[in-house]
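Ready for a walk through a structure you have not met before? Open your viewer, keep the selection box handy, and follow along stop by stop.

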Amino acid sequence: MKRRNFIHTSSLAGLSLFGITMSDFNSTPNHLKNYDGKDFKLNELTIDDLKKMMESGKASSESLVKLYLERIAEIDKKGPGINAVIELNPDAQKIAADLDRERAAGKIRGPLHGIPVLLKDNIDTADKMQTTAGSIALEGNIAKTDAFVVKQLRNAGVVILGKTNLSEWANFRSDRSSSGWSSRGGQTKNPYVLDRSPCGSSSGSAVAVAANLCVVSVGTETNGSIACPASMNNIVGIKPTVGLVSRSGIIPISKTQDTAGPFGKTVRDAALLLGGMTGIDINDEVTASSKGKALTDYTSFLKADGLNGKRIGIEKTFLKKHEGVDSLFKDAIDLMKSKGAVLVELEFVKIKDLGNSEGPLLQYEFKDGLNAYLSKANGKVKSLEELIKFNNDHKEKAMPIFPQDLLELSQTRGDLKSAKYLEVHEKIMGVRKVIDQHLDEHKLDALCGPATGPSWCIDPVNGDFFTGYGSYGPAAMAGYPSITLPMGLVRELPIGLSFLGRSYDEPGLLSIAYAYEQASKKRTAPKFINHI
């Protein structure tokens, strides 16, 4: 169900190979009060909070940017060194000052006016920042034009504060990768327990929101890259319907499954950011399917009684799997029932007759999409073949802890007209029928289950050790929407709950997720614990 096969052992040995030493985890943090955010003026604030501060004159966009930059300087590379930010925008304060002048003149672009946002480093920005997918092979790549989603966000009035680290090539380089590691950015840490994985590939974007380095951020997902880091960093992540948000100007993996999406500490914040991201783009033909379905404001669907009368299918095989997660999931089920929802047990995560179709599909589409992107980029490599050669020529820096087996396998694939590609694509499209059948047969409004198990230890020797669940997987393969939000902690490690729905039913999922969030209140700020 995942686009990677996760390794089943973990170890902290060899962490120094990629910029982390045992002392990073064993030492006692100094000035813990500065790490946990309790003395940070913007700690756990929402978009609405920041908006009110700007409206009242208590703060300006420029002052908010300054405070977030100070927070990044204090804990991202120093202190606990969570390493979520790969590059800062040198023009952020100037952009914020310009937006402040607009506000003073009475021009308010919308609810995101003046809000500082971080973007994943696979999203083009036509400014002074690079777009590298975390790879040193793309260092120096300054995009000629903004990605369409960046244009939308700039028009909505956001301040792009910088870019976030990620699993290199969005976790499509090796089956033995360490989530949150890139050759350009190093290893991002989980702010809840520092020796634990932040999950990926949108690691930095999720960690930045969780650790209050920004109020909201943008990630991307092919299968789990928004849902998994949202779960393991105790925040909200929305993986939209493929077609709701343009992919042009985003370094691709799969035209079938890729999408950008928002992270926030609350469902409302994520919904507000999502509204600023939508739009039909002539350079991404799939967005034409969003005509009449996309919205620029999803907040009207956020109702506290959104669970009342809803029928939700729960993954019954996840009711007895891990005692800590079992307890949280059962509590979530009881809470939803208490708010008027009807819960139906069924099995939807394991898609029958799929075989190993997703891996080949992604390899074919990755080769095709990456070659198209690189051929027009300003980087030193112009094709997947040249990228593979660059990595081989610079092994010590490019591949110090894991190889590039997925890149090499993708290079062997044919074009998108090949019989094998058409075969696996048809199988993956069958997932849509399976989801629709579950929803129709049981008259369901959504499906749900635990997003992940507890986070594993960061391990540069064996790679990631996936601890189960992955309820979001069917939605990812189908190109359908999912929302992941906090469900609670297992020994200080966050666990998320994922809701899945029909194509373009973001409104319905937001209503359910918001009602669950308001009833459960499971978001807690990180403590930056060294180890458990």
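A word before setting off: this is a predicted model.

**Stop 1: the disulfide**

Select C199 and C228 and show their side chains. A disulfide joins the two, with 1.9 Å from S to S, and the count of disulfides in the model comes to one. Look along the S-S bond: the torsion about it is about 100 degrees, so this disulfide is right-handed. C199 sits in the loop between strand 5 (186–187) and helix 8 (203–210), while C228 belongs to helix 9 (residues 227–232), so the bond ties together parts that are 29 residues apart in sequence. Turn on the surface and check each partner. C199 counts as buried, at 2% relative accessibility, and C228 is buried with a relative accessible area of 2%.

Now add C214 to the selection. This cysteine is in no disulfide, and the nearest cysteine sulfur, that of C199, is 18 Å away. C214 counts as buried, at 0% relative accessibility. C448 is likewise in no disulfide; the nearest cysteine sulfur to it belongs to C228, 17 Å away. At 0% relative accessibility, C448 is buried too.

**Stop 2: helix 8**

Select residues 203–210, which make up helix 8. Is this helix enclosed or open? Eight of its eight residues are buried, so helix 8 is largely enclosed by the rest of the structure. Label them to see who they are: S203, G204, S205, A206, V207, A208, V209 and A210. Next, color what they pack against: strand 2 (116–120), strand 3 (159–164), strand 6, helix 9 and strand 8. Then step just past the end of the helix to N212, which takes a positive phi of about 60 degrees.

**Stop 3: V218 in strand 6**

From helix 8, move over to one of its packing partners, strand 6. Strand 6 covers residues 216–221, and V218 is the residue to select there. V218 is buried, with a relative accessible area of 0%. Which residues does V218 contact, leaving aside its neighbours within four places in sequence? They are V117, L118, L119, K120, I123, L153, S205, A260, G261, F263, L273 and M277. You have met one of these already: S205 is among the buried residues of helix 8. For a distance to try in the viewer, pick the C-alpha atoms of V218 and K163; they are 9.3 Å apart in space, though the two residues are 55 apart in sequence.

**Stop 4: S246 in a loop**

Select S246, in the loop between strand 7 (236–239) and strand 8 (259–264). Although it lies in a loop, S246 counts as buried, at 0% relative accessibility. Not counting residues up to four places away in sequence, S246 touches F148, V149, D281, D284 and T287. Its C-alpha atom is 7.3 Å from that of T278, a residue 32 places away along the chain.

**Stop 5: the largest pocket**

Stay in this part of the sequence and select R247, S248, G249, I250 and N283. Of the 33 residues that line the largest pocket, these are the closest to its centre. The pocket holds about 1000 Å³ of space. Helix 6 (148–156) and helix 12 (358–376) are the elements that give two or more residues to its lining, and helix 12 provides the largest share, six residues. Color the lining by class and you will find twelve nonpolar, eight polar and 13 charged residues.

**Stop 6: a closed space**

The model has three cavities of 30 Å³ or more. To find the second largest, select N122, T220, T222, I251 and D258, which lie nearest its centre among 15 lining residues. About 80 Å³ of space lies inside. Its lining consists of five nonpolar, six polar and four charged residues.

**Stop 7: the nonpolar cores**

Finish with M336, F499 and Y516. Within the largest nonpolar core, which has 149 residues, these three touch the most other members. Zoom in on M336: beyond its neighbours within four places in sequence, it is in contact with L307, I312, A341, L343, C448, L497, F499 and Y516. A second, separate core has eight residues, including M232, A451, F466 and Y472. C448, from the first stop, appears again here as one of the contacts of M336.

Note on methods. Residues numbered from 1 in each chain as written. Predicted model: local features only at pLDDT ≥ 70, side-chain atom pairs only at ≥ 80, totals over all residues. Heavy atoms only, no water. 1 Å grid on protein atoms, 1.4 Å probe; cavity = no way out; pocket = protein on both sides within 12 Å on 5 of 7 lines; lining within 4 Å. Points joined across faces, edges and corners; volume = space filled by probe spheres on them. Nonpolar A, V, L, I, M, F, W, Y, C, P; charged D, E, K, R; others polar. Disulfide = S-S within 2.5 Å. Helix = DSSP H or I, 4+ residues; strand = E, 2+ residues; numbered from the N terminus. Buried < 20%, exposed > 50% of the residue type's maximum accessible area, 1.4 Å probe, protein only. Core = buried A, V, L, I, M, F, W, Y, C linked by side-chain atoms within 4.5 Å. Contact = heavy atoms within 4.5 Å.
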